Amino acid sequence: QVQLVESGGGLVQTGGSLRLSCAVSGIIFSVNPMGWYRQAPGKQREYVATITTGGSTHYADSVKGRFTISRDNAKNTLYLQMNSLQPEDTAVYYCNRNLHSADWGQGTQVTVSS
């Protein structure tokens, strides 16, 4: 069973930065595409960014140019560098293999104040 532990969230002012981490266990991390997803209050969980096993990245239009997803296969860890944060980025952030995965971690709260 996959285990996902997200960390690195917090309270930041508009324009600030945060780096999220996700420790993954229970699967062979290096052979799985991974992604970051977020859920704002009252909204459905949405895709933020994904990274393939080969390191190719894709981003939602809302974060393109501001967020960078990366992975360290030696550490079984996924990262999300978030720059130029905006209030609309406020959400709980999750990592997983895809948006329709059955098992989710607890997420990490990101709050951007205006």
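**Exercise 1. Trace the salt bridges around Asp89.**

Task: Which residue forms a salt bridge with Asp89, with the closest N and O atoms 2.8 Å apart? Then follow the network outward.

Solution.
Step 1. Arg66 forms that salt bridge with Asp89, at 2.8 Å between the closest N and O atoms. A salt bridge here is a side-chain nitrogen of Lys or Arg within 4 Å of a carboxyl oxygen of Asp or Glu. The pair links distant parts of the chain: Arg66 sits in the loop between strand 6 and strand 7, Asp89 in the loop between strand 8 and strand 9, 23 residues apart. Strands are DSSP runs of E, at least two residues long, numbered from the N terminus.

The model is predicted: local features need pLDDT of at least 70, side-chain atom pairs count only at pLDDT 80 or more, and totals for chains, interfaces and linings use all residues. Residues are numbered from 1 along each chain as its sequence is written, and side-chain values use heavy atoms, leaving out hydrogens and water.

Step 2. Check burial. Arg66 and Asp89 are both buried. Buried means under 20% relative accessible area, exposed over 50%, and partly exposed in between (1.4 Å probe, protein chains only).

Step 3. Move to Arg38. The side chains of Asp89 and Arg38 meet in a salt bridge of 3.0 Å, N to O. This pair also links distant parts of the chain, with Arg38 in strand 4 and Asp89 51 residues apart.

Step 4. Add Glu46. Its side chain meets that of Arg38 in a salt bridge of 2.7 Å, N to O. Glu46 is partly exposed, at 35% relative accessible area. Arg38 counts as buried, at 5%.

Step 5. Assemble. Arg38, Glu46, Arg66 and Asp89 are linked in a network of salt bridges. The count of salt bridges comes to 4.

**Exercise 2. Lay out the open sheet.**

Task: In what order do the 6 strands of the open sheet run, and which strands stand at the edges?

Solution.
Step 1. The order is 2-10-9-4-5-6, and the pairing is mixed. Two strands pair if DSSP finds at least two bridges between them.

Step 2. Strand 2 (10–13) and strand 6 (57–59) stand at the edges; each has a single partner strand, so one side of each lacks a neighbour in the sheet. The twist averages 25° from one strand to the next. Angles run from 0 to 180 degrees between N-to-C directions, with axes fitted to C-alpha atoms.

Step 3. Take one pair. Strand 9 and strand 10 (residues 108–113) are antiparallel over 3 bridges. Ala91 has Val110 of strand 10 as its bridge partner.

**Exercise 3. Place Asn96.**

Task: Is Asn96 buried or exposed, and what does its side chain meet in a polar contact?

Solution.
Step 1. Asn96 lies in strand 9 (residues 91–96). Asn96 is buried, with a relative accessible area of 0%.

Step 2. A polar contact of 3.1 Å joins its side chain to that of Ser101. Such a contact is a pair of N or O atoms within 3.5 Å; within protein, one must be able to donate a hydrogen and the other to accept it, and residues adjacent in sequence count only if both atoms are side-chain atoms.

**Exercise 4. Find the core.**

Task: Which residues touch the most other members of the largest nonpolar core?

Solution.
Step 1. They are Trp36, Leu78, Leu80, Met82 and Tyr93, out of 29 residues. A nonpolar core is a set of buried Ala, Val, Leu, Ile, Met, Phe, Trp, Tyr and Cys residues joined through side-chain atoms within 4.5 Å.

Step 2. Strand 3 gives the largest share, 4 residues.
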